[in-house]
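Reader: Could you walk me through the lining of the largest cavity, and then what packs elsewhere in the model?

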Amino acid sequence: MHIMEGFLPVKWAIFWLIVFIPFLVLGLMRIRKLIAIDKNNKLLLALCAAFIFVLSALKIPSVTGSCSHPTGVGLATVMFGPLVVSVLGVIVLLFQALLLAHGGITTLGANAMSMAVIGPMVGFVVYKLARKLNCNKSVSIFLCAMTADLATYLTTSVQLGVVFPDPASGMMASILKFMAIFCVTQVPIAIAEGLLTVVMYNLISKNLPEKVAQLR
């Protein structure tokens, strides 16, 4: 999903960065509030960031200029909400761009919008809907993580398709082609990520039940 350095035209790189900034500000405000409530939340925030970093670093080659991998954002989305993920996600993306040559600085805004904003927001809506429909906690978490992953890649497909329309059939055809190619690897990855997120959440709940209950 990480769009590589220099792959987007400058105007699109700037556009996505500008769109992302308000979410980053709101996320910082939310984190500040969480830490003010309980300083120990820093540990869980760090754990969620590490989960995102490790999973999203497991890249598999995919379409030109991008790759497939888990996103890891479902855990933080369930525990803290999607706004917090905008901060954790962009920190992870920045470190990966600088240390692993995974993604890029010029494409940071676009990558952050897909993985740290739109993906988590879709996952959060699905999670809340699943809970309202009386799905059990594990199923709801699984659906959150899986749909957040898939929504991230759908967003990346749109980002790439808009910039690189098909010469013969246009922008929509290009978007659909990117989606089709991503689906080959991303659907099984999203399912596996959903299962892993449930396992991780249950481990945290088992060892820190009071802390997790406080976040609900």
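Author: Sure. By class, that lining has 6 nonpolar, 1 polar and no charged residues (Ala, Val, Leu, Ile, Met, Phe, Trp, Tyr, Cys and Pro count as nonpolar, Asp, Glu, Lys and Arg as charged, and the others, Gly among them, as polar). This is a predicted model, where local features need pLDDT of at least 70, side-chain atom pairs count only at pLDDT 80 or more, and totals for chains, interfaces and linings use all residues. Residues are numbered from 1 along each chain as its sequence is written, and side-chain values use heavy atoms, leaving out hydrogens and water.

The residues lining the cavity are F23, P82, L83, S86, A116, V117 and M121; a lining residue has an atom within 4 Å of a cavity point, on a 1 Å grid over the protein atoms alone, where a 1.4 Å probe fits but cannot get out. Helix 4 and helix 5 each give at least two residues to this lining (helices are DSSP runs of H or I, at least four residues, numbered from the N terminus). The space inside is about 30 Å³, a volume being what probe spheres set on the points fill, with points joined across faces, edges and corners.

Now for the packing elsewhere. The largest nonpolar core has 47 residues, and M79, F80 and L88 have the most contacts inside it. Such a core is a set of buried Ala, Val, Leu, Ile, Met, Phe, Trp, Tyr and Cys residues joined through side-chain atoms within 4.5 Å, buried meaning under 20% relative accessible area with a 1.4 Å probe, protein chains only. Leaving aside neighbours within four places in sequence, L88 touches L45, C48, A49, I52 and A76 (contact is heavy atoms within 4.5 Å).

Note on methods
Buried < 20%, exposed > 50% of the residue type's maximum accessible area, 1.4 Å probe, protein only. 1 Å grid on protein atoms, 1.4 Å probe; cavity = no way out; pocket = protein on both sides within 12 Å on 5 of 7 lines; lining within 4 Å.
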